[in-house]
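Student: Could we go through this structure together, asking at each step how a description is justified?

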Protein chains: 4
Amino acid sequence: MTDPSIVFLIQCPDQKGLIAKISSFFSELDYNILSCQQFTDEIQHQYFMRIKLDGQGVPLTRKELSQRFAELADKLDFTWSVHYQSDIANTAILVSKTSHCLFDLLERQSQGKIQTNIPLIISNHPDMEYLADQFRVPYYCLPIKDGNKVEQEQQILALLQRHHIDLVVLARYMQILTSDFISQYPGKIINIHHAFLPAFKGANPYRRAYERGVKMIGATAHYATNDLDEGPIIEQDVERVSHAYSPKTLASIGADIERTVLTRAVRSHLEHRVIITGNRTIIFPESGE
Amino acid sequence: MTDPSIVFLIQCPDQKGLIAKISSFFSELDYNILSCQQFTDEIQHQYFMRIKLDGQGVPLTRKELSQRFAELADKLDFTWSVHYQSDIANTAILVSKTSHCLFDLLERQSQGKIQTNIPLIISNHPDMEYLADQFRVPYYCLPIKDGNKVEQEQQILALLQRHHIDLVVLARYMQILTSDFISQYPGKIINIHHAFLPAFKGANPYRRAYERGVKMIGATAHYATNDLDEGPIIEQDVERVSHAYSPKTLASIGADIERTVLTRAVRSHLEHRVIITGNRTIIFPESGE
Amino acid sequence: MTDPSIVFLIQCPDQKGLIAKISSFFSELDYNILSCQQFTDEIQHQYFMRIKLDGQGVPLTRKELSQRFAELADKLDFTWSVHYQSDIANTAILVSKTSHCLFDLLERQSQGKIQTNIPLIISNHPDMEYLADQFRVPYYCLPIKDGNKVEQEQQILALLQRHHIDLVVLARYMQILTSDFISQYPGKIINIHHAFLPAFKGANPYRRAYERGVKMIGATAHYATNDLDEGPIIEQDVERVSHAYSPKTLASIGADIERTVLTRAVRSHLEHRVIITGNRTIIFPESGE
Amino acid sequence: MTDPSIVFLIQCPDQKGLIAKISSFFSELDYNILSCQQFTDEIQHQYFMRIKLDGQGVPLTRKELSQRFAELADKLDFTWSVHYQSDIANTAILVSKTSHCLFDLLERQSQGKIQTNIPLIISNHPDMEYLADQFRVPYYCLPIKDGNKVEQEQQILALLQRHHIDLVVLARYMQILTSDFISQYPGKIINIHHAFLPAFKGANPYRRAYERGVKMIGATAHYATNDLDEGPIIEQDVERVSHAYSPKTLASIGADIERTVLTRAVRSHLEHRVIITGNRTIIFPESGE
């Protein structure tokens, strides 16, 4: 059964009467408002809204609704997007050699806990092919060797375009993507970093966490930008650890944090509950509907 | 500096167009909406809203605003209340012999973290007088002995009325209040129970938690009703424990949970973020403003 | 690579000099002690120890070691058991219709995070066969219909015996086992209950949690005994929830708690970190080695 | 009632038979071992032990016990210390202008939850005098102005020495101490940093956490060393936050994390459950006794 609801994400300068104007706009067109979540950033004087409408039996076509809304948006200086929940996004997963994040995404998707298609998995190593096979997802192995990195990225991009990919998930893909690549999918590449950013940016975070003697370790899901591990954070979590844990044990505990954090971030994105503003994210909670 | 904002709490049967109608009502009267939090209970088909207005430089008197809103409320079948944040509530604390919850409330209130007056502390024991003294709050010791319980409650009620008490906090007051007492302050008595309700209702929860061998212990703040430990829950929390903890250690760890949970519940109530519906509570999160 | 270590679990009346006596016993036989965890129950005056030895290049056979230790044990009134980590236990999973706990166990086992063989999955429904297939584990569907329950249990027992099963995991097996069945595997059947015991024993815990309006939900893994949901608790966890969650959403959030709690309990059991004492468990933490 | 127990903290190169040798040493002298916690660092090949003895009715004087133990320690290359629980440490609190950490320490100490004397509070500002008064602790206000910093530190040191201070707690003391000062109390100065180290070292961590858009904030208690915010970490904790929290709200939420983390660290130190090794700490859990 497809979900007939429609989500508008709106961002604009804060001003008086916004809720009344927006909610009245939809009410007058006879749309039932299922939920309406807002946030006013009093430092930047920006207003953010996620409004969810019942799309069943409504009078307007998609095109008409967009045109009408665009008029209001122009008047009130909105940046906005509209999302039909019945449109299922296409997600590509990039992975190197570790299974935990990939497994979690494939399980949740196959069990209907994440609403997305996964038409392909791409890797620079052959190791995860068995897992792709287990879930019957096509697996493309595109190794990186002596200076073919640009070429390899071109192959990935070609695959992403051919499959009409809406979201790229880096599920422990241990390669730094070029600016060229990233700029083709702005706000559409989610990476998992195996540390509680901004602590332990870059390589070997578990080893460094061990050496620093921290009492908790964490993981961070963020949108990839040109600054490594500096993109807008979507989700983070941590777990208590003790002096008794070796770097290897930390990595094993961390794997469970990584998978949870990445899956939550992917779900927030796919449910259109994220607005990126500067280098921060507004995350509208799930319980709002 | 007093907070000039105004909070409306609204509950009504779910129906189309509510947000638009309510927000337009306030917009047309030139009130700026600072935040608007909603929840639709799809099982009971009830709608709940907490709407916060900027009350600075507004055209209407309190009486006028209430009269106008009452007209809308009648039409749409609202149960509602309005709260002026500049009206500071009077809170009475009832306590028996333990300091931790009392201490937390007095500290937070004295440090401005909880906005309320505490004109008096009432106890059936003299033990906590030194703490009341430390924070310079009047302390009334009304012991219970051979059958004077009804009388003692009458004395408490007289004190509460004389001090225009809006909220009664049972901060480990180890007496069961009569129905008579409770019915005079419906939805206005908050109790802390030292267990994760509905587990371990009644007496000696830590001893029973120890005997059952649970791996976490908790505390529950709820509105007192005539059914012991059965009232609407406001807040709960838990802490991990191990086999190595004796009932005494559990009580000591639990004390920290109790104080946190009770203080959070009191703050939610005082900030008008709670609506009671049946035996459940709707808690609007703090971050909504 | 097999793990050559040996674990002794010991329980005895508390008495002076136990650590010295036990550690000297092993030292004198030239065993290196890898870790030694203890707990003294000061209420029951019982002493518990988990001691882990390096079994590499040791002078004694298994039989000799047991015989020697039995002499000490007799003198000091030990209840004890010895476990060779290179002996991989056989685990049977019983499941009805839900995938989440089964999935977690199969993934962890297949990824080497849980050291056990899973020679078979048994169900009273055909629904989970695809998952068993995905992980290439034999699946036995033994439906229950008009009064064949005793017979069905006999068939299960026959399968467990034929496969030399050491541990039975009830991964959301929605049937109450008979005393007869349970008494054949004392301390060897782990059940997951989808509530924070002792709250919400029995059926429909998520619906009842919703109705009670709790602010956290949980799950409990315990050893099955003849008293339903009353056996020794191994592990529990909870998650914060809000009024906005329906019973269905609670069940979905709860599913993630259940799988984590059950897997942790199974791992504690398989790593010989659990001693049952009365209706409680001593759980020696992982970090102790 | 004074606690008659004796705690030995031991660190040495890992070697076979250590538990047997140490526990036999005490058993032969007729000391009852109340608890014995160990940790083997398999990377540095170091062994750590905290052993707690019943000191009631024992045959040796303190001097004799130390002399005897020193012989064993020499043979096995121990670094060690012995602590008599009946010796109550003297703690000085240094604070600038904020009350939350100070309050927590004073409350816990006055309620007997932390076993220490607090003979004085030192500040570079007069603001917290009222709190010191409330708990009847002497308050020394030593302001810093035009280049008197070295002098001011000398005054502090003089006070610490006069009061035989064993532990210095920087409860939000917003001054960087000189190397000279720190080197006089090695491993005896505990600082609270209002961020989850190593993230947000230095000034204004809450503002920077806000700007980075993190989804959790934290606090870290560590021993002060000459490298600012780089000393051995004793305790950390975090709390989930949302985009809706301003830097000011983060600071207010953070205050509760800081006080909890600092108090836990101070208690671990005072209960002799901490061994510093390099830039890391071994923390023996409370539940071990």
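Tutor: Let us start with a definition: helices and strands here are DSSP runs, of at least four residues for a helix and at least two for a strand, and they are numbered from the N terminus. Please keep in mind throughout that this is a predicted model. With those names in hand, we can place Pro198(A), which lies in the loop of chain A between strand S9 (189-193) and helix H7 (205-212).

Student: What makes the peptide bond from Leu197(A) to Pro198(A) cis?

Tutor: Its omega is near 5 degrees, and the bond is accordingly described as cis. In chain B, the peptide bond from Leu197(B) to Pro198(B) is also cis, with omega near 5 degrees, and Pro198(B) sits in the loop between strand S9 (189-193) and helix H7 (205-212) of that chain. Such a bond deserves a remark, because most peptide bonds are trans.

Student: What is notable about the phi of His164(A)?

Tutor: The phi of His164(A) is near 50 degrees, which is a positive value in a residue other than glycine. Most residues other than glycine have a negative phi. His164(A) is found in the loop between helix H5 (149-162) and strand S8 (167-170) of chain A. In chain D, His164(D) comes just after H5(D) and takes a positive phi of about 50 degrees.

Student: How do you know that the span of helix H5 of chain D agrees with what is expected?

Tutor: Helix H5 of chain D (residues 149-162) has 14 residues, which at 1.5 Å a residue should span 20 Å, and because its end C-alpha atoms are 20 Å apart, the two values agree. The expected span is 1.5 Å times one less than the number of residues. Helix H2 of chain D (residues 62-76) can be treated likewise: with 15 residues, its first and last C-alpha atoms are 21 Å apart, close to the 21 Å expected. After H2(D) comes Asp77(D), whose phi is positive, near 65 degrees.

Student: Why are H3(C) and H8(C) called oblique to each other?

Tutor: Helix H3 (residues 100-110) and helix H8 (residues 247-270) of chain C pack at an angle of about 45 degrees, with their axes 8 Å apart. Angles under 35 degrees count as roughly parallel and those of 65 to 115 as roughly perpendicular, while an angle in neither of these ranges, and not over 145, counts as oblique. H3(C) and H8(C) are therefore oblique to each other, and H3(C) passes H8(C) in a right-handed crossing.

Student: Which residues of H3(C) and H8(C) meet?

Tutor: From H3(C) come His100(C), Cys101(C), Asp104(C), Leu105(C) and Arg108(C), and they meet Ala255(C), Glu258(C), Arg259(C), Leu262(C), Thr263(C) and Val266(C) of H8(C). Sorted by class, this contact has five nonpolar, two polar and four charged residues.

Student: What makes H7(D) oblique to H8(D)?

Tutor: The axes of helix H7 (residues 205-212) and helix H8 (residues 247-270) of chain D come within 9 Å and cross at roughly 120 degrees. The range for roughly perpendicular ends at 115 degrees, and roughly antiparallel requires an angle over 145, so H7(D) is oblique to H8(D). Their crossing is right-handed. Among the residues that make the contact are Tyr206(D) and Tyr210(D) of H7(D), together with Leu250(D) and Gly254(D) of H8(D). By class, the contact divides into six nonpolar residues, one polar and one charged.

Student: How do you know that chains A and D are related as by a two-fold rotation axis?

Tutor: A rotation of 180 degrees, with 0.0 Å of shift along its axis, superposes chain A on chain D with an RMSD of 0.0 Å. The two copies are thus related as by a two-fold rotation axis. In chain A, the C-alpha nearest the axis belongs to Ala199(A), 2.2 Å from it.

Student: Why can we say that chains B and C meet through the same surface?

Tutor: The reason is that 100% of the interface residues of chain B are also interface residues in chain C. The contact takes 24 residues from chain B and 25 residues from chain C. On the side of chain B that touches chain C, strand S11 (233-240) and strand S13 (280-283) each supply at least two residues, and the residues of that side divide into 13 nonpolar, six polar and five charged.

Note on methods. Residues are numbered from 1 along each chain as its sequence is written. Chains are lettered from A and ligands numbered from 1 in the order in which they are written. This is a predicted model: local features need pLDDT of at least 70, side-chain atom pairs count only at pLDDT 80 or more; totals for chains, interfaces and linings use all residues. Copies are superposed by least squares on the C-alpha atoms of residues with pLDDT of at least 70 in both. Axes are lines fitted to C-alpha atoms, for helices over the stretch in contact, and angles run from 0 to 180 degrees between N-to-C directions. A crossing is left-handed if the near helix is turned anticlockwise from the far one by less than a right angle, and right-handed if clockwise. Two residues are in contact if their C-beta atoms, placed from the backbone, lie within 7 Å. Ala, Val, Leu, Ile, Met, Phe, Trp, Tyr, Cys and Pro count as nonpolar, Asp, Glu, Lys and Arg as charged, and the others, Gly among them, as polar.
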